[in-house]
Each structure stands twice: as structure tokens, then as C-alpha cells.
Amino acid sequence: MQDDKQKKTGGITFCSWNIRGANEPIKRGKIFAQLKALNSDIIFLQETHLKYQTQIRLKANWIGQTYYSSFTSKSRGTAIIIRKGIPFKLKNTISDKEGRYIIVSGEIYSTPLTMINIYAPNFDNHQFFNKIIDIISEFNYQNVIIGGDFNCVLDPYLDKSVKQRRGNLKSKTNELLNTYIKNTNIIDVWRTANPTGREYSFYSSVHKTYSRIDYFLVDSKLIPYTINPKYHNSIISDHSPLTFTLKLEGIET
């Protein structure tokens with residue numbers, strides 16, 4: 001594992017992944033192995049399916065800090081996991097009682113960061129995102145990084161497979177998010193690096209379709225310091241892990 005100085009110069013690797021449950025020990029071991037293989041430093045997990053009493057299952061010898069929201073043992077649940085050796089200093093957290101999001105703010109090497117991990121409802125629910133936007137505005141967060149399973153495509157043409165790209169598929173959630181992105185300083189990390197690319201993060205076995213619904217959206221002033229956004233092979237879950245690296249040197253504090 002790289003030491004603190006190397007991490008500051010080389011960057012912090014963020015990973016977001018809907019794991020579809022972490023209760024079963026063998027599956028949880030495979031999840032941790034995959035996260036380590038991806039050299040993940042700060043991890044956004046969705047659908048942990050862990051209750052408050054069982055969050056200890058997200059412990060491992062390489063994990064330093066864990067923040068979470070829980071719901072039931074069969075649905076929802078989000079967590080932000082920080083690898084040992086990452087000198088994150090916590091300022092505050094907001095944990096959703098419905099297990100839909102966890103917000104963690106603090107700093108790394110005196111650089112303020114606000115990390116928002118979301119697991120959005122799997123239907124057109126723009127009120128959910130309105131709530132997240134209101135929280136961001138209320139607390140005037142700095143260097144915002146929003147990651148997670150949005151259960152919504154941002155571009156109905158580029159972010160859906162061929163069978164889905166028919167007719168007017170825009171939703172209220174889609175319109176709200178695109179308006180928010182346009183009017184604020186929030187940027188889709190992967191799309192910025194791949195303006196016309198097509199890659200998918202989720203496969204629906206029911207509908208036999210692919211879509212890109214897992215994202216990292218970051219403050220635009222962080223974009224010059226983000227590198228290597230990438231979707232990885234989907235294993236264990238029906239969602240693909242998404243990673244990118246944030247180089248901390250040079251970010252204004």
C-alpha cells in the first residue's frame with residue numbers, strides 16, 4: 001500500500017459500486033477482494049442490505065473508517081469506506097434513515113471534501129434528488145463528489161442500449177438532474193472524458209437491456225485533477241464498479 005506522501009502526489013482512487021447485498025460471508029469476501037484489486041481508497045457502496053446492528057460486517061484489516069446509512073437486511077443501505085492510511089479528518093455526517101444516502105464532509109491534507117453516496121429509488125422520483133440538492137445548497141459544501149446508483153440515465157440516447165433508445169424517454173428526474181448539472185458546477189466525470197462514448201454500468205436481466213446509471217458527479221473545479229474514470233467488469237453484482245483518481249496536489253483550499 002502506498003504511504004501518505006505517495007497518495008498525496010499520486011492521488012486518491014474513488015470507487016462506486018452497487019453490490020446488491022453484503023450479508024453473505026463468501027460474497028462479502030469477494031467484494032473486499034475486488035475493491036482491493038481496484039486499489040480503491042475511498043469507496044461508495046450501495047445496497048449493502050445491512051442493518052445498524054450488522055454494519056460491523058464492513059470491517060477488514062485494510063479499512064480505516066466506515067460511515068453508513070441502513071434500512072433492512074434485504075434492501076437499501078449505503079456506506080462510504082475509507083482505506084487505512086488515508087488521512088481523512090471528519091467534520092460531519094448526514095445519514096438517511098431510509099438507507100438512501102450518506103453524506104460525509106471533512107478534509108484530506110487540508111483539502112476540504114464533501115462525499116455524497118446515493119442509492120436512488122428505481123422509479124421516476126425527482127423529489128429524492130430535489131432533497132439532495134437542497135441539502136447541498138443549505139450546507140454550502142465545498143469540493144462536492146456525488147457518487148452512486150442514480151437509477152436514471154443522464155442521456156437517454158448515449159446511456160441506454162439500442163432497444164431502449166426509442167421514443168421520448170426523458171423523465172422528470174432526468175430533466176431535473178440535467179438542469180442542475182447545467183446550472184451549477186457539477187460535472188459527470190466519465191462523460192467529460194468520453195463525450196460521445198457508450199459504456200454501460202447495469203444489465204437488467206428482466207428487460208435484457210444495458211444502461212449507464214452509476215455515476216460520479218464532481219465539482220467542476222476538481223475536473224482538472226481527475227484522471228482515469230473507468231467502468232470495470234461486472235462481477236458478483238449486476239452493476240459495474242466505477243473508479244476515478246483525484247490528484248490532491250494543486251487543489252485550492
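Modeller: Let's start with a handy definition: Lys and Arg count as positive, while Asp and Glu count as negative. Keep in mind that this is a predicted model.

Biologist: Thanks! How far apart do the centres of the positive and negative side chains lie in the protein chain?

Modeller: The protein chain carries 34 positive side chains and 22 negative ones. Each set has its own centre, and the distance between the two centres is 6 Å.

Biologist: How many helices and strands does the protein chain have, and why is it called as compact as a globular protein of that length?

Modeller: The secondary structure comprises 5 helices and 14 strands. For 253 residues the globule rule gives 18 Å, and the radius of gyration of the protein chain is close to that, so the chain is as compact as a globular protein of that length. The radius of gyration itself is 17 Å.

Biologist: Now to one residue. Is Ser-40 buried or exposed?

Modeller: Ser-40 sits in the loop between α2 (25-37) and β2 (42-46). A residue counts as buried when its relative accessible area is under 20%. Ser-40 has 0% relative accessibility, so it is buried.

Biologist: Which residues is Ser-40 in contact with, leaving aside its neighbours within four places in sequence?

Modeller: Contact here means heavy atoms within 4.5 Å. With those sequence neighbours set aside, the partners of Ser-40 are Thr-13, Cys-15, Leu-35 and Arg-83.

Biologist: And what share of the 253 residues in the protein chain is buried?

Modeller: The protein chain exposes about 12000 Å², with carbon and sulfur atoms supplying 49% of that area. As for the buried residues, their share of the 253 is 53%.

Note on methods
Residues numbered from 1 in each chain as written. Predicted model: local features only at pLDDT ≥ 70, side-chain atom pairs only at ≥ 80, totals over all residues. Heavy atoms only, no water. Helix = DSSP H or I, 4+ residues; strand = E, 2+ residues; numbered from the N terminus. Rg over C-alpha atoms; globule rule 2.2 N^0.38 Å. Buried < 20%, exposed > 50% of the residue type's maximum accessible area, 1.4 Å probe, protein only. Areas by Shrake-Rupley, 256 points an atom, 1.4 Å probe, with all protein chains shown as cover. Charge placed at Lys NZ, Arg CZ, Asp CG, Glu CD.
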